[in-house]
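Have your viewer open and your selection tool ready? Let's take a short walk through this model, one stop at a time.

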Amino acid sequence: MKLTAQINDNEQQVNIERKDSKVFAEIAERIYELELSVPESNIYLLKHAGKIYEVFVSPNKNKHEPIHVKVGTQEFEINLIDPKKLRGTFDAVGNAEGIAEIKTAMPGKVVRILLKENDEVKDGDGVIIIEAMKMQNEMKSPKDGTIKEIRFSEGDTVNAGDILVIIE
């Protein structure tokens, strides 16, 4: 995923690729290999070069406002621009006119399914609750649409990267 990140007057091109629990980030022609875990909603643990960084990302209801990020004692306001969004054809997880997928970030267990297939859903509505590392995380819809498919049942075990729900 290619993005443009703006922090104050500094603008950087960022390319992020995810493979299982690894994230590869290319920033200013430097490539970083990171291990990623999400112990709870909005908190990310990034491991790089033997160090672990805790990153808190404030929930942001308005996608057009900067994202507030805290890494240790440093705080940033970051504008992320997706060139594909500027063309109006895609959102962060799928085609705005087509489907979106809700995926797991880490292994866990389906605790509760909040909606059923063919239910209407709005951007940000809770869809399914996953328990991972003794924390329950409500997975939310990334767009308005209809629940096309729910691939797991309550009590099922899921692996990192599994597609849980498809929204059309």
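Start by selecting Thr-4, which stands opposite Gln-13 in β2. Strands here are DSSP runs of E with at least two residues, numbered from the N terminus. Widen the selection to β1 (residues 2-7) and β2 (residues 10-19): six bridges join these antiparallel strands, and two strands count as paired if DSSP finds at least two bridges between them.

A note before moving on: this is a predicted model, where local features need pLDDT of at least 70, side-chain atom pairs count only at pLDDT 80 or more, and totals for chains, interfaces and linings use all residues. Residues are numbered from 1 along each chain as its sequence is written, and side-chain values use heavy atoms, leaving out hydrogens and water.

Next, show β1 through β8. These eight strands close into a barrel in the order β1-β2-β3-β4-β5-β6-β7-β8, with antiparallel pairing.

Now jump to β16 (163-167). Five of its five residues are buried, so β16 is largely enclosed by the rest of the structure; buried means under 20% relative accessible area, with a 1.4 Å probe and protein chains only. Pick Val-165 in this strand: Ile-102 stands opposite Val-165, and so does Ile-150. β9 (residues 100-103) pairs with β16 in the antiparallel sense over four bridges, while β14 does so over three.

Finally, select Ile-128. Beyond its neighbours within four places in sequence, Ile-128 is in contact with residues including Val-110, Leu-114, Met-139, Leu-164 and Val-165, contact meaning heavy atoms within 4.5 Å.

Key. Buried < 20%, exposed > 50% of the residue type's maximum accessible area, 1.4 Å probe, protein only.
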